[in-house]
Amino acid sequence: MTHLQRESCELAIVGGGPAGLAAATLAAELGVETVLFDEQSAPGGQVYRNVEANAPRHDALAAILGGDYAGGLALVRAFRASGAAYEPESAVWQVAASGKVGVSRGGRAYLTRAQRVVLATGAMERPVPVPGWTLPGVMGAGAVQTLMKASGIVPDRPVVLAGCGPLLYLVAVQLVRANAPLVAVVDTSAATLAGTVRAALPLLPAFAGDLAKGLSWIATLKARRIPIHKGSRLVVEGTGRVEAVTFDSGGRRVRIATSLLLLHEGVIPNNQVTTSLRCKHVWNVAQAAWRPETDPFGATSSARVAVAGDGAGIGGARAAVHRGRLAALDAAFRLGRIGRDERDARARPERTALAREARLRAFLDRVYRPAEAVRPLDDDTLACRCEEVSAGELRGLIAEGFTDLNQLKSFSRCGMGQCQGRMCAGTVGRILAEGLATDMAAVGHYRLRIPVKPLPLAELAELGHADRNDKPVLEVADGDPSQRI
Amino acid sequence: MFRRLQPDDSSATIYFDGRAIRCRPGESVAAALLAAGVDRFRTTPVGGAGRMPYCMIGVCFDCLVEIDGQADRQACLVPVADGMTVRSQDGTGRFGIQ
C-alpha cells in the first residue's frame with residue numbers, strides 16, 4: 001500500500017501516548033499545522049494501548065484493565081476530533097537538528113521537514129539484569145500488560161512477578177482479575193511498610209484516592225492469598241528456558257518454580273532520539289536514569305526540538321498530559337500563533353497541576369527505588385543482551401585500564417548489537433562508574449546513531465522527499481560538543 | 001504459556017516455521033506466536049542461545065524473526081496479515097533470500 005508522504009509540516013510530534021496526544025490536540029486547536037507520527041496502529045501509547053477497541057467493549061478484558069486505563073479514551077477522542085494529522089504505523093528513524101524527520105511507513109522511507117519537533121517517545125521498562133534474565137520465559141511485567149491490552153492475551157501457566165513500583169502491583173492485580181496462575185510477588189524494594197506509610201502521610205488528603213488505590217491492590221492480592229515476599233539477589237534458573245527464580249528473603253534462600261518470570265523495577269525515559277541529537281542530558285539521581293535537560297516548556301538544547309512526557313523524566317500519564325500541553329503552547333508561541341503573554345497565562349494552570357503531580361512522584365521515586373537493577377552485577381550476568389557481554393568481561397577491560405564507554409563498546413561490542421544499546425546503556429555505564437569509583441554523571445552515556453530504528457538500505461536508497469543535498473545518515477547534529485560519545 | 005480472553009476473532013492465519021497459527025487480524029506477530037505457545041523466536045548470533053520477546057514495545061530486539069523473506073523484523077511491531085510466512089531466525093538470519 002502506498003501512503004501519503006508528507007513533505008513538510010509546522011509541528012511534528014513523535015509518539016501517540018498521553019503527552020503526544022495532548023500536545024497535538026492543543027497545537028491543532030491553536031492553529032498550528034500539526035502531524036503526529038506513531039509506531040502503533042492506533043493512538044494511546046503504551047499506557048492507553050488499544051483503548052479505542054477495548055474500553056467500549058465492557059467485557060472481561062475491560063474489567064481486568066480497569067478504570068484508569070479506560071479514562072485514556074477521552075484523550076484519544078479529543079485527538080481524533082482535533083485538526084491534527086495522524087500518521088500511524090510510522091517509525092521515526094531520525095530527527096535532525098534542522099527539523100528533518102525521517103519516517104518509515106509500509107516499507108517506504110521519507111523525510112518530512114518540520115519547523116518544530118515535540119518528542120513524546122515516553123518510557124521503557126528499566127532493564128533488570130540478573131543472572132539468567134535472557135532465558136525465554138523472562139519478560140518485563142509491562143510486556144505482559146501490553147499483551148493484555150493489545151491482544152487480550154494472559155498467562156495460563158505459573159507466573160511470578162519480581163521487582164518494585166506501582167506497575168508491578170497493578171499488573172499483579174490485573175493477572176489476578178484475569179484468573180492467571182500468579183504464584184507469588186517478590187518485592188525487591190528496600191522500603192518497609194512502616195517507612196512507606198510514614199512517607200505517604202504528608203500526601204493526605206490530597207492523594208487519598210491514589211493511596212487508597214494502591215492499598216486496594218495489596219488487599220486484593222492478600223484476599224486471593226498471593227504470597228508477597230521481600231526478596232533480593234534474584235537468580236533465574238533454567239536450562240533453555242526459565243524453570244525457577246531464587247532470591248534471598250528473611251535470611252534464607254527461597255526457590256519458586258515458575259514458567260514465566262516478569263521483572264519490573266520502574267520505567268526510564270526513552271531517550272534514543274535526544275541522545276542521537278546530542279541534546280544535553282543530565283543524570284537524574286532520584287530516578288536513577290538519564291534525561292534530556294529541558295526548560296519549563298520541554299525545550300531541549302537542540303533549537304527546534306522539545307520533549308514532552310516521560311521521555312523528559314518520569315512523571316506518569318497524568319503529568320504527561322500537562323507536559324504535552326506546555327510543549328504545544330511553546331510551539332504555538334514560537335510559530336507565531338500566540339504571544340508570549342498568552343503562552344505564559346495558559347501555562348499557569350498546567351504548571352499548578354504538574355506541581356501537584358510532582359509531590360506524588362517524589363513519594364513514588366523514594367519508596368520504589370530500584371534495587372536489583374542498580375546493585376553490582378554478578379560477573380556472569382549478561383550486561384549486553386545482544387552481543388552477550390557479561391559484567392565480568394567489562395570489569396576485566398576496566399581493570400586493564402579502560403576508562404571510557406566508547407572504549408568498552410569498541411573492544412567488547414557491548415551496546416553495538418541490534419537494540420543499539422537501548423537495553424544495556426545504563427548497566428554498562430554503572431559497571432564503568434563502579435570500576436572507576438565515580439558516578440554516572442562522570443562516565444556519561446551512549447549516543448545512539450541514526451537511524452534510531454532499523455531501516456533496510458533499500459528504503460534509504462529510495463528515500464522520499466530527499467534532495468541532492470540531503471545526507472540523512474550523515475547529517476551532523478548540533479548540541480553539546482563536549483559530549484564524548 | 002498464554003491464553004486468549006477473546007478467542008472469538010481469530011480469523012487470520014500465519015505460518016511459523018511451516019506451522020499454521022490462527023490469530024487476530026492486526027495484532028502483532030509476537031503476540032500471535034506467544035499465544036500459540038512459541039517460546040523460541042530466534043537464536044543469538046554470538047552464543048546461539050534461544051530468545052523470546054522481553055519488552056513487547058520495540059526496545060529489546062529479542063523478538064527478531066524473518067517475515068515474508070525479510071530477516072531482522074521486530075515481531076512485536078509488525079501486525080499479522082493473513083497468509084504471512086514467519087520463520088524463526090538463527091543467528092544473524094538469512095539475507096539476500098528473495
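According to an unreviewed UniProt entry, residues 11-323 of chain A carry the annotation "domain: FAD/NAD(P)-binding"; UniProt positions follow the numbering used here, feature names are shortened, and annotations may be inferred rather than shown by experiment. The model is predicted, so that local features need pLDDT of at least 70 and side-chain atom pairs count only at pLDDT 80 or more, whereas totals for chains, interfaces and linings use all residues. Residues are numbered from 1 along each chain as its sequence is written, and chains are lettered from A and ligands numbered from 1 in the order in which they are written.

Within the span 11-323 of chain A, helix accounts for 30% and strand for 31%, and the C-alpha atoms at its two ends are 16 Å apart. Helices (H or I, at least four residues) and strands (E, at least two) are DSSP runs, numbered from the N terminus. The same unreviewed UniProt source type provides a further annotation, "domain: SoxA A3", for residues 388-461 of chain A. That span, 388-461, is 50% helix and 3% strand, with its end C-alpha atoms 32 Å apart.

The domain assignment divides chain A into domain 1 (8-125 + 268-366), domain 2 (138-265) and domain 3 (382-446); these bounds come from an automatic or database domain assignment. Taken over C-alpha atoms, the centres of domain 2 and domain 3 of chain A are separated by 29 Å.

Chain A and chain B meet in a contact to which chain A gives 38 residues and chain B 36 residues, two residues being in contact if their C-beta atoms, placed from the backbone, lie within 7 Å. On the side of chain A that touches chain B, at least two residues each are supplied by helix 3 (60-65), strand 7 (123-125), strand 8 (138-140), helix 6 (141-151) and strand 9 (153-155) of chain A. Helix 6 of chain A provides the largest share of this side, five residues. By class, the side comprises 18 nonpolar, 11 polar and nine charged residues; Ala, Val, Leu, Ile, Met, Phe, Trp, Tyr, Cys and Pro count as nonpolar, Asp, Glu, Lys and Arg as charged, and the others, Gly among them, as polar. Strand pairing also links the chains: strand 9 of chain A runs antiparallel to strand 1 (residues 2-4) of chain B and is joined to it by three bridges, where a pair of strands requires at least two bridges found by DSSP. In this pairing A:Ile153 is placed opposite B:Arg4.

Chain A also contains an open sheet of three strands, in the order 13-14-15, with antiparallel pairing. Strand 13 (232-237) and strand 15 (252-257) of chain A are the edge strands; each has a single partner strand, so one side of each is left without a neighbour in the sheet. Neighbouring strands of the sheet are turned against each other by 20° on average, direction ignored; the axes are lines fitted to C-alpha atoms, for helices over the stretch in contact, and angles run from 0 to 180 degrees between N-to-C directions. Strand 14 (residues 244-249) and strand 15 of chain A, which run antiparallel, are joined by six bridges. A:Phe247 has A:Val254 as its bridge partner in strand 15, and A:Ala244 stands opposite A:Ala257. The two strands form a hairpin with two residues between them, and A:Gly250 in the turn has a positive phi of about 55°. Of the six residues of strand 15 of chain A, the number buried is zero, so this strand lies largely in the open. A residue is buried if 20 or more other C-beta atoms lie within 10 Å of its own, exposed if 12 or fewer, and partly exposed in between, with C-beta atoms placed from the backbone.

A:Leu175, in helix 7 (residues 166-177) of chain A, counts as buried, with 26 C-beta neighbours inside 10 Å. Neighbours within four places in sequence aside, A:Leu175 is in contact with A:Val154, A:Pro155, A:Val159, A:Ala180 and A:Leu182.

Most residues other than glycine have a negative phi, and most peptide bonds are trans. A cis peptide bond nevertheless joins A:Leu204 and A:Pro205, with omega of about 0°; A:Pro205 lies in the loop between helix 8 (193-200) and helix 9 (208-223) of chain A. Another cis peptide bond, with omega of about 0°, joins A:Ile450 and A:Pro451. A:Ala288 has a positive phi, near 45°, and is placed in the loop between strand 18 (281-284) and strand 19 (289-292) of chain A.
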